[in-house]
Amino acid sequence: MTMETLEFQAEARQLLQLMVHSIYSNKDIFLRELISNSSDALDKLRLAKLQDGLEADTSDLHIEIEADAEARTLTIRDNGIGMTRDEVVELIGTIAKSGTAELLTKLKEASEAKGDTELIGQFGVGFYSTFMVADKVTLVTHKAGTEGHGTRWESAGEGTYTIDDAPDAPVGTSVTLHLRPKDEDDALYDYTDDWKIREIVKRYSDFISFPIRKGDETLNSMKALWARPRSEVTDEEYHQFYRHISHDWTDPLEIINMKAEGTFEYEALLFIPSRAPHDLFQRDARRGLQLYVKRVFIMDDSKELIPDYLRFVKGVVDAADLSLNISREILQQDRHIQMIRRRLVKKVLSTIKDLMSSNPEKYATFWREFGRAVKEGLLSEPDNHKPILEIASFATTGGTEPTTLAGYVERMKEGQEEIYFLTGESRSQVENSPHMEAFREQGYEVLILTDPVDEIWVDAVPDYEGKKLRSIARGSVDLKKDEEEKEPEGDFGPLLGFLKEKLDERVKEVRLSHRLTTSAACLVSDSDDITPALEKMYRAMGQEGPRVKRILELNPNHALVSGLRAAHERGADDPALPDTAELLYGTALLAEGGDLDDPARFAKLLADRLARTV
């Protein structure tokens, strides 16, 4: 058959123009794509021999890279399955794939925005990426099992290509790139440079299961740590790999190996760091796991494989049954990816749970570094409330060491039906809160929650093992009273009504308290109202809403409150009483760490009152 000059399919021409005029920042992945194609060809040859009985020599399947600096050429060849003439026309001359229009739109948008060339790998147009770095590409191929000549294909990427016979072509495929001049301003490197070739192979193709050779040297390790039994890998090898993928120079806290076989196969190697990264709570931080498909690196930060509350987990997932052309959009919907994600989460959480008993010191380090992030999962994944709560630890009034909820429940007093907690900015503030007084006096243990996320998740989690979580700063409290506790003397009804009238703009109710033993007053949120701290958080995020009024509770046995009742009985029109009411409210607000609306006014009222007592 003689030489033919053919036109590319219309969509292929558009794609070629995008590649020729590419303004992508990372052109290196063209080599990844060619190596991936070669690896596929080697796999297909080996499979054809095993399944179809194809007569072929598979004793030394390999990929070879040859660079010629003088001729400015780079050749990638393999001794794989090869292609027929018709297959070359079909596979390279056209884009016979679904989603072509979407592909072109996304590539064009990425190009105009100087976006990420990962799009190339995601849509299976790897061969076309060669035109980012070459002004002419020559392909020579010979299909295994066919007699006669091979096929030579060549194009400058300008809308047409030539195809001809290649009489002496060996079985396999070679792709020769006639490289463009080096232009580092356009991120176009000299791809004949030995160091550059090594860098690209190491980053993208190190775990390809066939040797990638340059001269007499093999450039890739072919050692996928995740595919090797743990007994065959040293801790130092794991640690070196962890440092490579995480850029963390400390050793990991824990190593997790996973392997799934059956209808959907994948392997995973995960690491739990020993310290939190500085950007753990920054929105723009890079996170996610590395995704490989059949040892081919696909993407660096696949967020779809791990939920955000486990964003500190580093590692690799290698799926056997995914397409190399998978995109982030497809990842979000792919049921296999969702299945992998669920299993990874289950494994990570169970590993942490095992640490609690097998290595309490490691667990304590983990929770100190990452507990705040893990608790975010109580908001985002209701289905995992139980396993997350089982690995959580909380500060407690029951001692200096954190407690699990299981430990708390074991120590609950007879007749206690709820798990008590109090949120605040610090342990000191919580421990000294007026809300704690009756609980401390009667020996009830209270969880001390001081992380900002604690203000939110406690409302999302209804209970633990049937025990409701209950804030001691919300709603009414009806602790069992000491039989000798005296009921308040006198009628406080008129005073409560007076205070409600004077403080009407600030409080929704004034009532006597069962939670105070030493303080005169405290402020309580109604059962269904958000807390002041949560209200402040929303305002900080720009979500300004109406101020929530709270309940003022008075300790009837405190001298100030009983004295105020007596003063009100003597003369309800005493001009000093409204100021006293304001001072009482202000001290209750300050006692819980709240902010006064008008600190200057409060200070003046307090100074005037003190002046009358000296």
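Let's start with a yardstick: a residue is buried under 20% relative accessible area, exposed over 50%, and partly exposed in between (1.4 Å probe, protein chains only). You're working with a predicted model, where local features need pLDDT of at least 70, side-chain atom pairs count only at pLDDT 80 or more, and totals for chains, interfaces and linings use all residues. Residues are numbered from 1 along each chain as its sequence is written, and side-chain values use heavy atoms, with hydrogens and water left out.

**Exercise 1.** Work out where Glu465 sits and whether Glu465 is buried or exposed.

*Solution.* Step one: find the loop between β19 (463-464) and β20 (467-471), and there's Glu465. (Strands are DSSP runs of E, at least two residues; helices are runs of H or I, at least four; both are numbered from the N terminus.) Step two: Glu465 has a relative accessible area of 53%, so call it exposed. Step three: check the backbone, where phi of Glu465 is near 50 degrees, a positive value in a residue other than glycine.

**Exercise 2.** Do the same for Met222: find its loop and its exposure class.

*Solution.* Step one: look between β9 (217-218) and α7 (235-246), since Met222 lies in that loop. Step two: with a relative accessible area of 35%, Met222 is partly exposed. Step three: Met222 isn't a glycine, yet its phi is positive, about 60 degrees.
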